[in-house]
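Q: Please take a close look at the aromatic side chains of this protein, and set them in the context of the chain around them. I would like a connected account that keeps to what the coordinates support.

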Amino acid sequence: LAQQPHWVAGKRVLDFGAGSGVAAIAAAKAGAREVVACDLDPLAIAACRANARLNGVELSYSMDFFAEADRFDLILVADVLYDRANLPLLDQFLSRGRQALVADSRVRDFQHPLYQRLEMLNALTLPDLAEPWEFRNVSLYHAQRR
């Protein structure tokens, strides 16, 4: 997002499965108008709050994606599809947002009529978690409500 700020600039963004808030914080720093970090884990929300403070950005928070209104321009989905139980959620992202951007380092490809593969990115997690090199290649997919 830091390298492609036009993806989020001026938009209302929801970060699905926000975890520590990395994508939400990056969206806020890249100029998103509003960012909601959404995660069902209360510890993740606490981490998002702490990391937002440390990074000097303001986020909103949600623990229930399905309680959110259809008001978002973009839904960010980063590294949640490794759990194959989450694949049916691909159908739900466009119910809350006009576009979805899915980035995952553990899913090489998925077949879904609404999503198109944009590119492969090299990613680096800091601190280095000593993950295998193949997990540093991120598949990026885009979907837009029709």
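A: The accessible surface of the protein comes to about 8,100 Å², and carbon and sulfur atoms hold 53% of that area. These values belong to a predicted model, in which 40% of the 146 residues count as buried. The protein has 2 helices and 7 strands, and their order from the N terminus is β-α-β-α-β-β-β-β-β. Among the contacts with a separation of 6 or more, 61% are between residues 24 or more positions apart, and the aromatic side chains offer specific examples of links across the sequence.

The structure holds 4 aromatic pairs. One of them joins F16 and F65 edge-to-face, with 5.3 Å centre to centre and 85 degrees between the planes. Because F16 belongs to strand β1 while F65 sits in the loop between β3 and β4, this pair ties together parts that are 49 residues apart in sequence. F16 is buried, at a relative accessible area of 13%, and F65 is buried as well, at 4% relative accessibility. F16 also forms an edge-to-face pair with F93, here with 5.0 Å centre to centre and 65 degrees between the planes. That second pair links distant parts of the chain, since F93 lies in the loop between β4 and β5, 77 residues from F16 in strand β1. Both F16 and F93 are buried, and ring pairs link F16, F65, F66 and F93 into a cluster.

The loop between β3 (60-62) and β4 (72-78) also carries E68, which counts as buried at 15% relative accessibility because the cut-off for that class is 20%. The side chain of E68 makes a polar contact of 3.4 Å with the side chain of R71. Leaving aside residues up to four places away in sequence, E68 touches L14, S62 and R96.

The strands that flank the loop of F93 can be followed further. β4 and β5 pair in the parallel sense over 6 bridges, and V77 has V102 as its bridge partner in β5. Of the 8 residues of strand β5 (residues 97-104), 7 are buried, so this strand is largely enclosed by the rest of the structure.

Strand β1, where F16 lies, takes part in covering helix α1 as well: the buried residues of α1 are covered by elements including β1 (12-16), β2 (34-38), α2 (42-55) and β4. Within helix α1 (residues 22-29), those buried residues are A23, A24, I25 and A27. Residues three or four places apart on an α-helix point the same way, because each turn has 3.6 residues. After α1 comes G31, which has a positive phi near 100 degrees.

As for covalent cross-links between cysteines, the structure holds 0 disulfides. The sulfur of C38 has its closest cysteine sulfur in C48, at 9.6 Å, which is too far for a bond. C38 is buried, with a relative accessible area of 4%, and C48 is buried too, at 0% relative accessibility.

Key: Residues are numbered from 1 along each chain as its sequence is written. This is a predicted model: local features need pLDDT of at least 70, side-chain atom pairs count only at pLDDT 80 or more; totals for chains, interfaces and linings use all residues. Side-chain values use heavy atoms; hydrogens and water are left out. Helices (H or I, at least four residues) and strands (E, at least two) are DSSP runs, numbered from the N terminus. Buried means under 20% relative accessible area, exposed over 50%, partly exposed in between (1.4 Å probe, protein chains only). A polar contact is a pair of N or O atoms within 3.5 Å; within protein, one must be able to donate a hydrogen and the other to accept it, and residues adjacent in sequence count only if both atoms are side-chain atoms. Contact means heavy atoms within 4.5 Å. Accessible areas come from the Shrake-Rupley method with a 1.4 Å probe; for residues, only the protein chains shown count as cover. Two strands pair if DSSP finds at least two bridges between them. A disulfide is a pair of cysteine sulfur atoms within 2.5 Å. Rings of Phe, Tyr and Trp (its six-membered ring) pair if their centres lie within 6.5 Å; planes under 30 degrees apart count as stacked, over 60 as edge-to-face and the rest as tilted.
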